Amino acid sequence: MRLLFLTPYLPSPPQSGGPRRLQGLMSGLAQSHDVAVLALVDPAKDQTAAVRATREYCGTVLTVPNNRYGLTARQKRALQLVSLASPWSFERLVHHRPAFQAALDALVARERFDVITAEFAQLASYRLPHGPRLVLDEHNIEYDVLRRTATADRRLDRKVYNAINYRKLRREEHAAWRRFTGCLTTSARDEAFVRRECPDLPTAVIPNAVDTSAFRPAEAAPEPGTILFFGAINYYPNTDAVRYFLDEILPLIRQRQPGVRVWIVGQSPPEVITSRASADVIVTGLVDDVRPYLARASVVIAPLRIGGGTRLKIVEALAMGKAIVSTTLGAEGLAVTGERELLLADTAQDFARQVCRVLDDGALARRLGAAARQAAEARYSWDAAVTRLERFYAALPALVAPVLRDSGGKPGPAW
């Protein structure tokens, strides 16, 4: 098959969860199919290395600068205010650029594709050609993430803004599902959102996965008392999780384990996080390879209170055979069980207690780590995810007219 991916960034080298998913699926598909990508990119950043890395498996790599990437905090707030007066969500205003539509039109005019996959609902608003099968990959149900943010946020201005914006995004996301031939989600929970609204739309759960040969248990023992959080720190659910851990959980841990050291690893940490750095709270920013930090950690934490989809950070920690402590929401959508592959806790007191259990009990940490690795090998390899995706693509009907779906009708196939 000839496959075209429309993406909000180049997939390689991956620096956060979204690019990791793209790279895992696209590079796996490229072993048997012809893969092309059209991506929005930040014009302020040199894309040479990213284009070169993506071309290792993509025959066609086209980029379109997006001048709404890399906004300062002040510029972002100004655009959010503008979006309040717009019928469109902030996410659509950021990602819908006329130059991208022009590049897409030119590409499909000169090349034929069997499947076009739009990554994220933010890229679902573009005018797409008739003929190819059209697939939307929902890394998260985006409006549900914003709904949860609006519910959880304590700041009134953010709560009001997100309450308005998520309703716009919900309307856009529901409309997008009706325009596509099929829809991918990362979890059964997210698939249920789609099927409730569009029961006749073919769907498939393609889980976030991991290269289990690259992410594997380290031979050296972890460093005692070392706690790791990793992910894109500028993503608000991660920012909230780190703040929650540092402000409410870490002081409780230090009452029992005064010598613990916390590593916060991930791109673009905001000032609200960097200001909390100290000799025992190390904020690294972006790193080339997260595996050495995973190998060092005695426990990996996912204290998320907001989010959707599934967390690649947990999948990668599973593959590394790490002891993991997560909120129930953080582990949502993953085929893991508390006390078997990881520990779960939903209050600050319980989370601190579970972290201390791991730090105090090496046998428990090793048991959790062994079960975690087994789960990664059995359920979360990219090979299995790619095979499932290939079957879904092949089974979709060819699109010869616009797809318009009501919310009624008989349920379509769930793959």
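## Exercises on two parallel sheets, a pocket and a ring pair

Seven strands build an open sheet with parallel pairing, ordered β3-β2-β1-β4-β5-β6-β7. The model is predicted.

**Exercise 1.** Find the edge strands of the seven-strand sheet and state its average twist.

*Solution.*
- Step 1. An edge strand pairs on one side only; here these are β3 (60–65) and β7 (203–205).
- Step 2. From one strand to the next, the twist averages 20°.

**Exercise 2.** Describe how β5 and β6 pair, and name the partner of glutamate 138.

*Solution.*
- Step 1. Take β5 at residues 133–138 and β6 at residues 182–185.
- Step 2. Four bridges connect them in the parallel sense.
- Step 3. Glutamate 138 has threonine 185 in β6 as its bridge partner.

**Exercise 3.** Which strands do helices α5 and α7 lie across?

*Solution.*
- Step 1. Helix α5 (residues 98–110) lies across β1 (2–7), β2 (34–41), β3 and β4 (115–119). Its angle to β1 is about 175°.
- Step 2. Helix α7 (residues 156–179) lies across β5 and β6, at about 145° to β5.

**Exercise 4.** Classify the ring pair of phenylalanine 100 and tyrosine 126, and place both residues in the chain.

*Solution.*
- Step 1. The structure has five aromatic pairs.
- Step 2. In this pair the ring centres are 4.7 Å apart and the planes meet at 45°, so the pair is tilted.
- Step 3. Phenylalanine 100 sits in helix α5, and tyrosine 126 in the loop between β4 and β5. The two are 26 residues apart, and the pair links distant parts of the chain.

**Exercise 5.** Lay out the six-strand sheet and the helices α9 and α12.

*Solution.*
- Step 1. The order of this open sheet is β10-β9-β8-β11-β12-β13, and the pairing is parallel.
- Step 2. Its edges are β10 (281–285) and β13 (343–344).
- Step 3. At the β13 edge, β12 (residues 324–326) joins β13 through two bridges. Valine 325 has leucine 343 as its bridge partner in β13.
- Step 4. Helix α9 (residues 236–256) packs on the sheet and touches β8 (226–230), β9 (261–265), β10 and β11 (299–302). Its direction makes about 165° with that of β8.
- Step 5. Helix α12 lies across β8, β11 and β12, at about 160° to β12.

**Exercise 6.** Characterise the second largest pocket by volume and lining.

*Solution.*
- Step 1. Its space is about 670 Å³.
- Step 2. The lining has 31 residues; Gln23, Gly24, Asp211, Ala214 and Trp382 lie nearest the centre.
- Step 3. Elements giving two or more lining residues are α1 (17–29), α12 (312–319) and α15 (382–395).
- Step 4. The lining splits into 12 nonpolar, 11 polar and eight charged residues.

How values were computed
Residues numbered from 1 in each chain as written. Predicted model: local features only at pLDDT ≥ 70, side-chain atom pairs only at ≥ 80, totals over all residues. Heavy atoms only, no water. Pairing = 2+ DSSP bridges. Axes fitted to C-alpha atoms, helices over the stretch in contact; angles between N-to-C directions. Contact = heavy atoms within 4.5 Å. 1 Å grid on protein atoms, 1.4 Å probe; cavity = no way out; pocket = protein on both sides within 12 Å on 5 of 7 lines; lining within 4 Å. Points joined across faces, edges and corners; volume = space filled by probe spheres on them. Nonpolar A, V, L, I, M, F, W, Y, C, P; charged D, E, K, R; others polar. Phe/Tyr/Trp six-rings, centres within 6.5 Å; stacked < 30°, edge-to-face > 60°.
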